[in-house]
Every structure is written in C-alpha cells, then in structure tokens.
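Dear colleague,

Please find the structure below, followed by a short account of what was found in it.

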Amino acid sequence: MDLNLSLQLSIPELILGISAVLILVFGAFRGDKGMTSVSALCGVALIAAAFAAAFSAFGKGYNGSLVVDGVAVFAKVAIYIAGLFIIVLGQGYFDRLNNRRFEFPILILLATLGMSVMVSAGDLIALYVGLELQSLALYVLAAFRRDDARSSEAGLKYFVLGALSSGLLLYGASLIYGFSGSMNFVEIARYTVANPGVGLIFGLVFLISGLAFKVSAAPFHMWTPDVYEGAPTPVVAFAAGAPKFAAMVLLARVLQTGFEGSEHSWQQVILALSVLSFLVGGLGGLMQKDFKRLLAYSSIANMGYALLAIAAGQSGVAALLLFFVMYMIDTLGLFSAQMALKRNGEPVSRIDQLAGLAKLNMPLTIAITVLALSVLGMPPLSGFWSKYFVFGAAIQGGLWGFAAAGLVASVIAAFYYLRILKLMWFDAPPSDLDAAPAEAKWISYASAAFAFPGVAIFLWLAYDVAQRAAIGFGS
Amino acid sequence: MLPAIPNILSLTTFLPLFGAIVILVMRAMARKDDSEVIARNAKWISLWTTLITLVLSVLMVLAFDKSTSNYQFVEHYKWFGPISYHMGVDGISILFVLLTAFLMPICIAASWDSIKVRITEYMVAFLMLETLVIGVFTSLDLFLFYIFFEGGLVPMFLIIGIWGGKDRVYAAYKFFLYTLLGSVLMLAAMLYLVTTLGTASIPEMTAKLAAAPLPVDVQGFLWFAFFASFAVKMPMWPVHTWLPDAHVQAPTAGSVMLAGILLKLGGYGFIRFNLPLFPDASEMFAPLVMALSVIAVVVTSLIAFRQTDIKKLIAYSSVAHMGFVTMGIFAGNAVGIQGAVFQMISHGLISGALFLCVGVVYDRWHTREIAFYGGLTKLMPHFAFVFLLFTMANVGLPGTSGFIGEITTMTGAYQWGTWVAFVAASGVIFSAVYALVLYKRVMFGVVTNDELKKYPDLTAREVALFVPLIVGTIALGVYPAFVFDFTTTSIDALVAGYRAAIGG
C-alpha cells in the first residue's frame with residue numbers, strides 16, 4: 001500500500017530514470033550517429049515526465065524522503081521543459097561542431113532527474129543524492145568538448161570546487177543528523193524548535209554553504225565566470241537556469257521545513273549571502289569583456305535577488321517560483337542569442353564583437369535588446385516582473401531595507417546591460433556575421449517574445465497557480 | 001454630441017505603438033535595396049499615425065465632461081494578483097495627453113529632413129515613446145504607470161545615443177542611469193504600498209489612504225522615494241545635471257520631446273501621487289521643496305546666463321521654469337496647482353518651440369555656439385520674429401502663456417509664504433536677462449560671419465511647424481480658461497482632500 005503510493009508519487013522520476021537507462025543502451029548500440037534519435041527519445045521522455053508531474057497527486061512517499069507538493073510540481077515542470085530546450089540547442093550545437101555524441105541528451109536527462117529529486121527532497125539523503133546526480137552530470141557536460149582546453153578546464157574546475165562544496169554540505173548534514181537524530185526535515189524541525197543549539201546551527205551553516213555554491217551565491221561564486229566561459233554554451237544555458245532553480249527550491253525547503261520556527265538562526269546568513277551576491281554580481285560585471293562571463297555575473301546578481309525571496313520566508317515561495325521561470329527563459333534566450341552569433345566560423349565571445357549588430361541583423365538585435373533590458377529589470381518585460389515578485393515578497397517579509405538595497409544594486413548592473421545596447425545600436429560594425437543557426441536564433445526570438453508580450457499572458461495564467469502551489473509549503 | 005468611441009483611451013495610447021509595428025513589418029517585408037522607399041514610407045506612416053492620435057485625443061477632449069472630478073473613459077480589466085489594466089483620465093491628465101499628441105506630429109515633421117540615417121528606427125523609437133508617454137498619463141494602476149514611466153527611458157536612450165551629437169553616448173548613459181536610480185526607489189515604495197494596501201489601483205489607493213492615512217514616518221519614507229524619482233525627472237536642482245547633457249546631445253525632436261513632455265512626467269507624478277497619497281509628508285517637506293525650487297529658479301537662471309551653447313542655455317532655463325511648477329504644486333492650494341499645471345502645458349509649447357528654433361539654425365550651420373552667430377535678424381527676418389516671440393514667452397511676457405503660468409504659480413506660492421514668491425520673482429528678472437542677452441547675441445548686431453549668409457530664411461515646412469505652437473502660446477496667454485476649465489474640478493477635489501488630511 002505504502003509502496004504503491006510512493007511509486008505513484010515518483011512517476012516522473014521513474015520515467016526519467018528508466019528511460020535514461022534504456023536510451024543509454026539504445027545509444028550504445030547505435031553509436032554517435034544516433035545522436036538525433038537519442039535526442040528525440042530523451043525529449044519524449046522529458047515531455048512524458050512533465051505531463052506525469054503536472055497531473056501528479058500530492059503527498060509524501062518513501063517514508064517522507066519524497067515530497068510532492070505544489071512547489072515541487074511547479075518546479076519539476078519548469079525544469080523538464082528547460083531540459084527539452086537545451087537538448088534542442090545542444091543537438092544543433094554539436095552537429096555544427098561535427099562533434100556528435102549521443103551521451104549529451106542522456107546526461108541532460110540524468111541532470112534533470114537529479115534536479116527533480118532535489119525539488120522533492122524530504123530528507124537529507126534525498127537532498128544529497130539529488131544534488132550529486134545533478135552535479136556529476138553537469139561536471140561531465142561542462143567538460144564535454146574534451147578536445148577543447150577551456151572546456152576541459154571548466155569541467156575540472158567545476159568538479160574540484162563542486163566536490164569541495166559537496167564535502168561541506170555532507171559535513172553539515174552529518175552534524176545536523178548527529179545533533180537532531182533524524183534525516184527527515186520535519187523531524188529535524190521538531191527537534192530544533194525544542195532544543196536549539198550551536199551544533200545544529202553549525203551544521204546548518206555548512207549545509208547552506210554547500211547549497212550556496214550550487215546556486216553560485218557570493219562568496220561561493222568564484223567558479224561561475226570560469227565555468228560559464230569555458231563550458232559549451234548549451235551546457236551553460238542549462239547550468240545557469242534549471243540547477244539553480246532546483247537548488248533554490250531545495251534551500252527553501254531545508255530552511256522552511258527543516259528549520260521552521262528557527263528563522264532567526266538562518267535568515268541573517270541568507271541575507272548576507274543575498275546582499276553579497278547582488279553586490280558582487282553588479283560590480284563584478286562592470287569590468288567583463290566576455291559575453292558569457294558577463295552573464296555569469298548577471299546570474300550571481302540574480303541569485304542574490306532570489307535569496308532575498310527565500311529570506312522573506314513563506315511569502316517568498318510563490319515569488320521564487322515565478323522569478324525562476326522568467327529568469328530561466330531570459331537566460332536561455334541570451335545564451336541562444338550568443339550561439340546564434342558567429343563571425344568567420346568563430347563564435348562571437350567578446351562583448352565588443354557585438355558592435356554594430358543593429359546594422360547587420362535587426363531581428364537578433366531586437367531580441368538581444370529585449371532580453372538584456374529584461375534582465376536589467378525594465379518594465380514591462382519579464383525581468384521586471386521577476387524583480388517585482390522578489391522585492392515585493394521581501395517587503396512583505398519586512399525586509400524593505402534589503403529590497404531597497406537590491407533595487408539600487410540593480411542600477412549598477414544596469415550599466416553593463418546598457419553597454420551591450422550601446423555596442424549594438426550606437427557603434428559601427430567591423431565586418432559581416434555568418435548566417436545564424438536556426439534553432440539558436442528561434443529560441444532567442446521565442447524567449448524575447450516571452451519577455452514581452454508573452455509574459456502578460458504567462459502572469460495572467462501562472463500567478464494564481466504559483467500562489468496556490470506555495471500554500472502549505474514548509475509545513 | 002459626438003458619437004462615443006469605445007476604448008478610446010487604449011486606442012489613443014496604443015495607436016502609435018501599432019504604427020511602429022506596421023513600420024517594422026513593412027521593413028521586414030521590403031527588399032533590401034528599397035531603403036529610400038522604406039524611409040519615405042516610414043516617415044509618412046509616422047506622420048499619419050501621430051496625426052490620427054492627435055485627432056483621437058481632440059475627440060476625447062471634446063467628449064470630456066468638465067463638471068466632474070471623477071476619472072472618465074475608464075477601462076478596467078483584471079490582470080493578475082493586485083494588478084489590473086486600469087485606464088482613465090481626469091481634468092489634469094487629459095491635457096497632458098493632448099499636449100503629447102499635439103507635439104508629436106511636430107516632432108516627426110521637424111525630423112523630416114534633418115535625420116538622415118536609420119530613419120525607420122528613428123520613427124519607430126518616436127512612436128514607441130509616444131505610446132509610453134501617453135500611457136503614463138492615462139494609466140490608473142500603479143504598476144501600469146510604472147511600466148510606461150520607466151519604459152520611456154529606452155526609446156529616449158536610443159534616440160539620444162544613435163542620433164545625438166558628439167558626446168551622445170555619455171549623455172545617453174547619464175540620462176538612463178540617473179533616471180533609473182530615481183525610479184527604483186519609487187518602485188520600492190510602490191511595492192510597499194501594494195503589499196500593505198492590497199490594491200494597485202490609484203483611485204482605490206487614494207480613497208483608502210484618505211480614509212486611513214499611513215503613520216507620518218512611513219509617509220515620509222514613501223514620499224521621499226516618490227520624490228526621488230519625480231525630482232530627477234522634473235528635474236529639480238540639484239539632481240538636474242543630466243538634463244543639460246541630454247538636451248545638448250539629443251537631436252532636435254528629441255529635445256522637444258524631452259523638454260515638452262518628459263519633464264512633465266515629474267510634475268504630473270507629484271500631483272498624482274505625492275500630494276494625495278502622502279499629504280502629511282507633503283506638508284512636512286513642503287519647505288524643503290520650496291527651498292529647492294527657488295534655488296532652482298535663481299541659480300539655474302544665473303547658470304544659464306553664462307552658457308555659450310544655445311541649447312544648454314535653454315535647457316537650464318527649463319530647469320528654472322520647472323522650479324515654478326514644483327513651487328506651485330507644493331504650495332498645496334488650488335491657485336498654485338492650477339498654475340503648476342498651466343505652467344507645464346505652457347512650458348511644453350514654449351520650450352518645444354525654442355528647441356525647434358535651435359534646430360532651425362543647427363540644421364543650417366551645424367553649430368550651437370552662440371559666438372558663431374550674430375545679426376541673423378537681417379538675414380532671416382521671419383525666423384527673428386518667431387524666435388523673439390518664444391523668447392518673450394519664455395521670459396513671461398503678458399499676452400503669452402508663459403506669463404499666466406508664472407503669475408499663478410507665484411500667487412499660489414505667495415499664499416504659502418511670501419519669501420518664496422519674493423525670491424522666485426527675482427528669478428523672473430534673471431530669466432529676462434539671459435533670454436534677452438541670448439537674443440541680442442544671436443540675432444542683433446552686424447553680420448560678422450560670412451557663413452551665415454549661405455542659407456535662406458524659414459522654409460515652408462519650418463513655418464508650418466511653428467504656426468500651431470505660436471497659436472497655442474498666444475491663445476493660452478489670452479484665454480487661459482481653456483486649461484483652467486478642465487483642471488478646476490479635479491484640482492479642487494484634490495486640494496479639498498489634501499486640506500482635510502492635513503487638518504487645515
């Protein structure tokens with residue numbers, strides 16, 4: 001009976017896990033020429049999992065290890081769809097590099113499975129297993145162009161630092177287990193409220209540090225620019241969005257379920273991370289020359305905003321969900337636009353190579369303009385609404401000083417998005433660009449169209465869904 | 001009675017945007033080598049779009065009921081959470097809609113020959129700007145307002161940055177970041193209001209706050225956040241420094257928009273938000289605003305006197321004139337606010353015309369150095385007349401709209417405190433000094449520069465640009481009731497609420 005329910009609750013994960021294994025076998029027989037069909041199969045698996053998740057029942061399974069609630073479902077659907085887009089992007093990318101390898105879509109599938117476990121994690125074991133599955137897949141993906149020195153470097157850096165952070169996280173988890181005597185978040189909360197102590201807080205800080213590394217919040221952000229610069233762009237487009245979403249939901253769940261009732265002990269830590277992140281993200285981005293590095297700093301700043309929503313507590317959960325959907329689409333669009341830009345066969349990687357784009361390729365210029373303005377937070381674009389939710393939640397949680405500080409920091413970050421606009425619109429182009437690859441081009445157009453006017457419809461539909469999803473989270 | 005047009009507000013607001021989309025589609029469909037045809041079509045589409053918008057806004061003004069202070073032509077659709085698509089105008093905002101729609105065709109026509117590169121983008125930017133600016137005046141939802149208010153930065157950034165003068169990039173950045181910094185503070189305050197009141201509708205919010213005012217210290221913070229945004233936009237001394245740069249670098253039509261409309265967003269915001277939502281704070285901070293206003297009037301007039309660039313001089317004079325507006329608004333009495341609205345409308349016409357005058361000489365000689373010119377009266381008598389008229393209107397000569405605006409705001413300020421009106425009146429004298437000196441240096445004297453003889457007097461197109469502005473300036477100067485008829489009921493209701501809230 002109980003197993004039956006558990007299995008039923010984990011249908012999306014089962015779909016992903018089983019199809020990953022089966023497709024792997026299929027791919028092993030077909031070899032690298034089968035990448036297209038492997039991609040298609042993985043896409044089908046993701047769609048099936050997304051449907052299964054969307055219509056999934058709520059509840060707890062496997063003795064509370066797996067929690068399926070509104071937030072988990074919302075996040076899962078968003079993450080699966082993100083994975084789908086990345087498979088499409090990656091297919092074209094590796095095709096053109098003549099570097100087809102069928103493992104790529106399967107690794108994406110495994111990473112989404114890891115994230116899926118993360119957003120549903122109800123105890124420390126599920127937390128760690130999900131996190132590691134996701135991370136290991138991403139380490140491999142980051143180093144996926146093994147003939148490329150920078151990609152290998154990115155993968156190695158990511159792995160070494162990631163392993164360190166996993167160690168921190170495990171140490172924290174073991175402390176929490178040792179002091180509270182339970183793995184389960186609900187049990188931990190019960191114990192912490194009754195017996196608050198330094199040992200638990202010590203463990204919690206390590207746990208938060210480990211997760212902060214995964215979401216690249218300052219001061220655990222150092223790997224981000226290097227990995228973003230070196231890793232293959234579709235992988236970065238993935239790593240910048242979905243895993244951070246999963247890790248943020250996980251962080252929110254640990255804090256609001258596992259440490260419910262002891263907000264005072266973690267709120268300051270989260271706020272410190274948040275403020276540091278948007279300051280580092282804002283100021284660090286000012287000096288960047290590489291487009292992907294710039295986006296890395298932009299994502300650090302955005303993680304600062306998301307952390308603000310977590311610090312706000314219960315009122316920030318719905319904000320977090322909406323924030324991440326809109327943020328993932330913006331990032332996806334910007335990275336696809338970067339992939340669409342090539343000059344003499346070389347990708348356009350430095351920001352100043354965008355000069356004069358308005359005279360070369362108007363549709364892409366408009367798309368990048370819209371997306372950059374959106375990340376900057378210009379209304380009515382989606383990035384504005386993501387800030388609206390996050391800062392609104394912060395103010396509702398009584399953190400109005402931090403909200404004001406975050407908004408002012410966003411003005412610093414505005415400077416470097418404006419630089420992109422300035423280069424594209426005001427300057428003269430050095431030479432013509434190559435024809436833009438279709439799938440990258442269209443994904444960036446679609447993202448821009450989502451930023452506006454699509455966001456109007458999205459909010460109209462999804463606002464209530466997110467609000468409802470957030471009800472009862474953390475208890 | 002005219003037949004009512006359904007959703008006329010949305011129509012007026014979004015028609016320019018539609019025109020912009022038409023231009024973009026046309027361009028995307030056209031062949032690459034047709035660039036001249038595309039440019040020509042873009043110009044005509046823009047001109048017609050702006051003219052139809054003008055017709056629509058005139059129809060709206062004709063159908064407007066002046067006897068009520070309620071919002072009219074209201075459209076209200078739920079969007080999500082507390083936010084809705086809520087539009088409507090009252091006696092104050094409808095005039096600004098008309099002003100925008102009136103200046104816009106002039107801007108398009110003024111750019112007809114002077115913009116030579118990337119014409120389609122230029123036209124698209126202007127049409128988008130028109131939608132965004134009209135939207136500021138017509139939106140009744142706090143966040144809808146913010147969308148339009150902030151959104152206007154982007155087209156203006158592009159207009160200054162692409163078609164501007166030598167230091168255009170610096171000016172564009174400065175304009176954008178300065179205003180953005182001001183408005184994020186306002187955003188924080190708006191978020192606070194929405195989360196505490198649970199509504200984003202401006203009329204509802206005003207009613208709720210009138211029934212149960214916020215504590216004075218909270219009001220103070222919120223007032224200041226709104227003030228930061230509008231003061232930068234206005235711009236008030238000492239946060240005005242972006243304006244001269246932006247004006248000097250912007251193309252002529254960009255300056256007309258900036259001085260004519262965008263500066264008014266600040267004053268409109270004060271009237272719509274600061275006074276009715278935070279009356280206690282407004283009263284508390286009124287001395288500060290008054291001090292800043294009179295400093296603006298006096299100091300920027302003196303600064304203007306020392307300028308060597310015609311456009312910069314007029315830009316500083318704009319700051320001085322906006323000082324009268326803030327003075328009138330925070331006097332908190334009906335005369336002062338009436339005068340402030342009038343002064344904004346009047347300044348929209350006069351400063352727009354003055355920047356067009358600069359455009360006339362700039363298009364010919366490509367310099368704005370005062371020293372370059374001299375003796376133009378002999379060479380361009382028609383231009384001399386137009387420039388003189390608007391210089392005088394700017395100084396506040398009776399018979400022009402400038403006079404009415406200054407006298408009524410000063411009357412309002414006098415009721416608040418005599419010293420304010422006294423100091424501001426001295427500013428009027430200074431403004432006469434710099435304006436007349438400018439006129440003398442550019443227009444009178446002997447022609448020492450042979451370059452000046454190369455070009456003819458005003459062309460028919462330029463005359464056509466100035467005629468409506470001349471008519472407007474004189475008409476408002478002679479018959480100010482046209483504005484006051486519209487604003488009286490709305491402003492009386494506003495002042496009554498304000499007085500009741502501060503208990504006097």
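Helix axes are lines fitted to C-alpha atoms over the stretch in contact, and angles run from 0 to 180 degrees between N-to-C directions. Helices here are DSSP runs (H or I, at least four residues), numbered from the N terminus. The model is predicted: local features need pLDDT of at least 70, side-chain atom pairs count only at pLDDT 80 or more, and totals for chains, interfaces and linings use all residues. Residues are numbered from 1 along each chain as its sequence is written, and chains are lettered from A and ligands numbered from 1 in the order in which they are written.

Helix 18 (residues 382-396) of chain A packs against helix 7 (residues 168-197) of chain B at an angle of about 60 degrees, with the axes 9 Å apart. The two are therefore oblique to each other (neither under 35 degrees, over 145, nor 65 to 115). To this contact (C-beta atoms, placed from the backbone, within 7 Å) helix 18 of chain A brings A:Phe391, A:Gly392, A:Ile395 and A:Gln396, while helix 7 of chain B brings B:Ala188, B:Leu191, B:Tyr192, B:Val194 and B:Thr195.

Between the chains as wholes, 25 residues of chain B are in contact with 24 residues of chain A. Helix 7 of chain B gives the largest share of the chain B side, 14 residues.

A:Leu321 touches A:Val71, A:Phe74, A:Ala75, A:Ala466, A:Ala469 and A:Ala470, not counting residues up to four places away in sequence.

Yours sincerely

Key. Contact = placed C-beta atoms within 7 Å.
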